[in-house]
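Colleague: I would like to learn how to read strands and helix packing in a model. Could we go through one together?

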Amino acid sequence: MGRRGERGAGSLKEFAALYSAIDETTKTNDKVAAMVKYFAEASPEDAAWAVHFLVGRRPKRLVSGPKLWGWAAELAGLPNWLFGECYDAVGDLAETITLVLPDFRRSEKPERGLDYWVREKLLPLAGLDDLTQRDEMFAIWQELDRRERFVFNKLITGAFRVGVSQELVMRALSKVGDVAVPVIAHRLMGDWTPSAEFFTGLLHEETIDAGVSRPYPFCLAHPLEGGPDNLGDPAEWHVEWKWDGIRAQLIRREGKSFVWSRGEELITDRFPEILGICESLPDGTVLDGEILAWRGGRPLKFMELQKRIGRKVLSKKILQETPAALVAFDLLELGGEDIRALPFLERRQSLERLVDELNRSEPSQSSLHFDLPTQLDERLATDLPDSSSGAVVTSQSRLLLASRVEGATWEDLARVREDARNLNVEGFMIKRLDSPYMTGRKKGYWWKWKIDPFTVDAVLMYAQPGSGKRASLFTDYTFGVWSEGALVPFAKAYSGLDDDEIRRVDAFVRRNTMEKFGPVRTVKPELVMELAFEGIQLSTRHKSGIAVRFPRISRWRHDKKAEDADTLEGVKSLISP
């Protein structure tokens, strides 16, 4: 599309119109066209905030739901119980508030842009007392028209979501600025503040992309359905274990170290062991890998790593009980040069040489050597290959190199894969030897051949409405299994049913509600669903005594009655020693 023309001052009305245009169509090209028009015409500061929200970044809820509920009911002249009934019918707080408030006579005021409403009205609410917040919200609701009010409500409740992926946003930006999508993707990674300067740089062809801390967009894999037989000769592929941890990039630039998660969260301080590895890397190096809880020459289950996630203070005890390691499996930058376009085989060979050089460094001359918890297994202080885990342990560090899993045929590899669960890994990653490191998920280059999930037949016990387009349907479910003649809740699931099945379950819930607890309905225990999940372990936080990972509905068991569902004892038997 080339260079942009003159930009207007911008207004919240334009952003609200963009939201509606995206929300009201299912056609990808129409969504992209709406964003192209907006980005080309909006002021740079408004466009920057629009990008911020459209790619999924949003402020945490700045005002609690109950406060907004009460103030909206007061302004609308409704009793709280009636507002509650409206909320129950609509299912979305932002939309409910928008619908119940009348159209106020707007005083003549200049149109204000998205940047003004975010910086001057939205963000300052966090530091105000309740009475001042109430007065501010009253003034905001009365100044905005209905469509603007809806978008503002979405932002303030932290529920701003609209039907575009980050990839579509990048495609629109690419058309506006005539900049390649991978370049846009890289510029959107890491920490950045919405501003006119940021947006101008985002679309400028000469912007320097290698910010000191900026990670690269992650290359993702497609799930491999039905096995790898159609992939051709295994010799054309690199096969390694699929690790079950936190995907991360280690960045060493200009003498500084950064550890980024795939969710673009800076986690450097949460893993001092990984920081030690990062500081040992040559300047201008970026590694891609997986952070794991690692002990006894093998990875621990992901749920062990969860004990460290979200902790602001890492005690000596948690560092000793759950030591972290990094399995490196790709090299993205070397000597300050972006090497993602090189074939995987060349990047892999460079990674092997780099790790070998680090391993050969004397501990006294390398920051690979740092104080290890005394309980660390001796294997972490050796240079011996650990064939059981498919990784090579780096001397006196927690850097590991993902090893290639050998197999002459796919059948040979399938037999090796059968041991994945015993090794606390999820299956295989399969990567073409000639594949570049792509942005996002591109079919044909990287595949994940995961082991079959655990499955359990469980009974629907509770249901509550979903959000967004499913806010008026009961789509969020709690399932139970039998224990001593009673159903015990053990997992929640939100996905797996098609639209027709959701409508049928919704009708069942409405006909068979036994009790109401706010939005939650207790239903007759009749529907049986097969749940699939990736991991299971004992948990004192759950009534059932177990916790499962990534539960989802795999199928509706019409052939089973409630009494045929699984027992808690049977579910616990799935837990490996």
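Modeller: Start with one strand pair: strand S16 (residues 454-465) and strand S21 (residues 528-533) pair in the antiparallel sense, over 6 bridges. Keep in mind that this is a predicted model.

Colleague: What holds paired strands together in general?

Modeller: Strands of a sheet pair through backbone hydrogen bonds, and the pairing is either parallel or antiparallel. For S16 and S21 it is antiparallel. To find the pair by residue, look at Val459, whose bridge partner in S21 is Val528.

Colleague: Which strand pairs with S16 over 6 bridges, besides the one just named?

Modeller: Strand S17 (residues 474-483) does, again in the antiparallel sense. Here Tyr462 stands opposite Thr478 in S17.

Colleague: How many bridges join S16 to strand S20?

Modeller: There are 2 bridges between S16 and strand S20 (residues 520-523), and these strands run antiparallel. Tyr462 appears again, with Thr522 as its bridge partner in S20.

Colleague: Is S16 largely enclosed or largely exposed, and why?

Modeller: Count the buried residues. In S16, 9 of the 12 residues are buried, so the strand is largely enclosed by the rest of the structure. For the chain of 577 residues, 52% count as buried.

Colleague: How do I read a sheet with several strands?

Modeller: Write down the order of the strands and then check the directions. One open sheet here has 4 strands in the order S2-S15-S13-S3, and its pairing is mixed. Strand S2 (222-223) and strand S3 (237-241) are the edge strands, since each pairs on one side only.

Colleague: Which way do S2 and S15 run, parallel or antiparallel?

Modeller: S2 and strand S15 (residues 446-450) run parallel and are joined by 2 bridges. One place to look is Pro223, which has Lys448 in S15 as its bridge partner.

Colleague: Which helix packs on that sheet?

Modeller: Helix H16 (residues 344-360) does, touching S3, strand S13 (427-432) and S15. The direction of H16 makes about 50° with that of S3.

Colleague: Now for two helices. At what angle do H4 and H8 pack?

Modeller: Compare the directions of the two axes, then ask how far apart the axes are. Helix H4 (residues 65-76) and helix H8 (residues 130-143) pack at about 55°, with axes 11 Å apart. That angle makes H4 oblique to H8. The crossing of H4 past H8 is right-handed.

Colleague: Which residues of H4 and H8 meet?

Modeller: From H4 they are Lys67, Leu68, Trp71, Ala72, Glu74 and Leu75. From H8 they are Asp130, Gln133, Arg134, Met137, Phe138, Trp141 and Gln142. Sorted by class, this contact has 7 nonpolar, 2 polar and 4 charged residues.

Colleague: Let me try the next pair. What should I note for H7 and H9?

Modeller: Helix H7 (residues 114-122) and helix H9 (residues 146-156) have axes 12 Å apart and pack at an angle of about 50°. They are therefore oblique to each other. H7 passes H9 in a right-handed crossing. Trp117, Lys121 and Leu122 in H7 meet Phe152, Leu155 and Ile156 in H9. By class, that contact has 5 nonpolar, no polar and 1 charged residues.

Colleague: How many helices and strands does the chain have?

Modeller: The chain has 19 helices and 24 strands. Among its contacts between residues at least 6 apart in sequence, 72% join residues at least 24 apart.

Technical notes. Residues numbered from 1 in each chain as written. Predicted model: local features only at pLDDT ≥ 70, side-chain atom pairs only at ≥ 80, totals over all residues. Heavy atoms only, no water. Axes fitted to C-alpha atoms, helices over the stretch in contact; angles between N-to-C directions. Parallel < 35°, antiparallel > 145°, perpendicular 65-115°, else oblique. Left-handed = near helix turned anticlockwise from the far one by under 90°. Contact = heavy atoms within 4.5 Å. Nonpolar A, V, L, I, M, F, W, Y, C, P; charged D, E, K, R; others polar. Pairing = 2+ DSSP bridges. Buried < 20%, exposed > 50% of the residue type's maximum accessible area, 1.4 Å probe, protein only.
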